[in-house]
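Reader: I'd like to talk through the fold and the charged pairs of this one. Can we start with the basics?

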Amino acid sequence: MAKIIVSMKVFPSDADIDRKELADKIRKALPPEYEAIRMKEEPLAFGYTALKLHILMPEETEGGTEKLEEILKGIEGIDDVEVESVSRLSEF
């Protein structure tokens, strides 16, 4: 079964939010079939930092990344998410 890797940016609702704590909330909120394989901070401007995520998810997910985006937007401390790319992996 193939997987999809989604690269996205998560924009915190406040510049002062602890990014490590936010990353933990994201990991806990993801369903078992989703896996955060990489999270790193990405400075944007004037002390505001986004989280860059790489998440593996099942290829057969109905609605594409919509479910993932809804999960992330539902986490306290997240203002918005932006999908940057989606790629299919035949093995991981």
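**Fold and salt bridges**

Author: Sure: the protein chain has 2 helices and 4 strands, taken as DSSP runs (helices H or I, at least four residues; strands E, at least two) numbered from the N terminus. Keep in mind that this is a predicted model, where local features need pLDDT of at least 70, side-chain atom pairs count only at pLDDT 80 or more, and totals for chains, interfaces and linings use all residues. Residues are numbered from 1 along each chain as its sequence is written, and side-chain values use heavy atoms, with hydrogens and water left out.

Reader: In what order do the elements run from the N terminus?

Author: The protein chain has 2 helices and 4 strands to place. From the N terminus on, the order is β-α-β-β-α-β.

Reader: Which residues are linked with Glu 84 in a network of salt bridges?

Author: A salt bridge here is a side-chain nitrogen of Lys or Arg within 4 Å of a carboxyl oxygen of Asp or Glu. Glu 84 meets Lys 9 at 3.6 Å, N to O; Glu 84 sits in strand β4 (residues 78–89) and Lys 9 in strand β1 (residues 3–12), 75 residues apart. Glu 84 also meets Lys 52 at 2.6 Å, N to O. The network links Glu 84 with Lys 9, Glu 42 and Lys 52.

Reader: Is Lys 52 buried or exposed?

Author: The cut-offs are under 20% relative accessible area for buried, over 50% for exposed and partly exposed in between (1.4 Å probe, protein chains only). Lys 52 has 15% relative accessibility, so Lys 52 counts as buried.
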